[in-house]
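Student: I am new to this structure and would like a friendly tour. Could you show it to me, please?

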Amino acid sequence: FIKKDRAVLKSKKMLDIPEEPIHTRKKGVRILHTKKIPLRDASGKVHYLLGISEDITARKNAEEALRKEYEELELRVRERTSELSRINKALSESEERYRSVLSALIEGIVVIDAKGKVLSANPGAEQILGVKTNRLVGQSIYDPRWGVLREDGTPSGRKDFFTVASLRTGKPFANVIIGLHRTDGQLVWLNGSTRPLFRQGEKKAYAVVTSFFDMTSRKQMQAEI
């Protein structure tokens, strides 16, 4: 500390230390954000040094927890991508096997037709969206009650909603983050992907398989930081 103080007094320039670990007797290692500021008199000569330290240990711990959350998220994305590959194979081989796989997944899976109506949904979707499967089927993704949000929290327009875009363009989307409101009003954040479906000889998708998982806890952790 003294060495840094003397360097500031000599240079007559403020020193900003973003992360400064210190060892305390009762709280162990703490991380500080420190500024050392030379104070001048009326003639401009440096007489004193002002030190300001902020304990940022809690923030650093939260950042580390968020880093671990990201790692877990990446692992889930890889696992889900592999699972979706198996689902698509099952769909081509057997519709019954496909339904069985969907029922076993904790991720939500919904099939949406070209008009935006939900054709089918698995128990994972029911759990995440808070809507019984028999009530979810037939609902429109354009219903304003969903209150779909982009990742930055702004309302998502109908055209740029990734499921609609996948139907329109015939292209798959992966790991799109959206927010929507459940029937109980609770806002949930989802990581979603799509896979458009085509009939033989047609270039326009007749439906799209949308998969998603709940990442609300990660968004809440980001907001707290």
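Student: Which strand gives the most to the nonpolar patch?

Tutor: Before we start, this is a predicted model, where local features need pLDDT of at least 70, side-chain atom pairs count only at pLDDT 80 or more, and totals for chains, interfaces and linings use all residues. Residues are numbered from 1 along each chain as its sequence is written, and side-chain values use heavy atoms, with hydrogens and water left out. Patches are made of residues with over 30% relative accessible area and no salt bridge, joining like charges within 9 Å and nonpolar side chains (Val, Leu, Ile, Met, Phe, Trp, Tyr) within 5 Å. Strands (E, at least two residues) and helices (H or I, at least four) are DSSP runs numbered from the N terminus, and the strand giving the most here, with 3 residues, is E3 (residues 46-55).

Student: How much accessible area do the residues of that nonpolar patch have together?

Tutor: Accessible areas come from the Shrake-Rupley method with a 1.4 Å probe, and for residues only the protein chains shown count as cover. The patch is formed on the surface by Leu39, Tyr48, Leu50 and Ile52, and together they have about 390 Å².

Student: Is leucine 50 buried, partly exposed or exposed?

Tutor: You will find leucine 50 in strand E3. Buried means under 20% relative accessible area, exposed means over 50%, and partly exposed is in between (1.4 Å probe, protein chains only). At 36%, leucine 50 is therefore partly exposed.

Student: Let us look at empty space. Which element gives the most to the lining of the second largest pocket?

Tutor: Rolling a probe the size of a water molecule over the atoms shows where empty space is left. On a 1 Å grid over the protein atoms alone, a pocket is an open set of points with protein on both sides within 12 Å along at least five of seven lines, a cavity is a set where a 1.4 Å probe fits but cannot get out, and lining residues have an atom within 4 Å of a point. The second largest pocket has 16 lining residues, with Thr81, Leu84, Ser193, Thr194 and Arg195 nearest its centre, and two or more lining residues come from each of helix H2 (57-93), strand E7 (187-197) and strand E8 (207-214). The most, 6 residues, comes from H2.

Student: How many charged residues are in the lining of that second largest pocket?

Tutor: Asp, Glu, Lys and Arg count as charged, Ala, Val, Leu, Ile, Met, Phe, Trp, Tyr, Cys and Pro as nonpolar, and the others, Gly among them, as polar. The lining of the second largest pocket has 6 nonpolar and 8 polar residues, and its charged residues number 2.

Student: How much space lies in the largest cavity?

Tutor: The structure holds 1 cavity of 30 Å³ or more. Grid points are joined across faces, edges and corners, and a volume is the space filled by probe spheres set on the points. For the largest cavity, that space is about 240 Å³.

Student: Which element supplies the largest share of the lining of the largest cavity?

Tutor: Of the 18 lining residues of the largest cavity, Val110, Leu129, Ile141, Phe161 and Leu180 lie nearest its centre. By class, the lining has 14 nonpolar, 4 polar and no charged residues. At least two lining residues each come from strand E4 (108-113), helix H6 (162-169), strand E6 (176-181), E7 and E8, and the largest share, 3 residues, is from E7.

Student: How many salt bridges does the structure hold?

Tutor: Side chains of opposite charge can pair when their charged atoms come close. A salt bridge is a side-chain nitrogen of Lys or Arg within 4 Å of a carboxyl oxygen of Asp or Glu. The number of salt bridges in the structure is 12.

Student: How many residues apart in sequence are the parts tied together by lysine 36 and aspartate 5?

Tutor: Lysine 36 and aspartate 5 form a salt bridge, with their closest N and O atoms 2.8 Å apart. Lysine 36 is in strand E2 (residues 28-40) and aspartate 5 is in helix H1 (residues 2-11), so the parts tied together are 31 residues apart.

Student: Which of these partners is buried, lysine 36 or aspartate 5?

Tutor: Aspartate 5 has 22% relative accessibility and so counts as partly exposed. With a relative accessible area of 8%, the buried residue is lysine 36.

Student: Which helix holds both arginine 67 and glutamate 71?

Tutor: Arginine 67 and glutamate 71 form a salt bridge, their closest N and O atoms being 2.4 Å apart. The two residues are 4 residues apart, about one turn of the helix, and both lie in H2.
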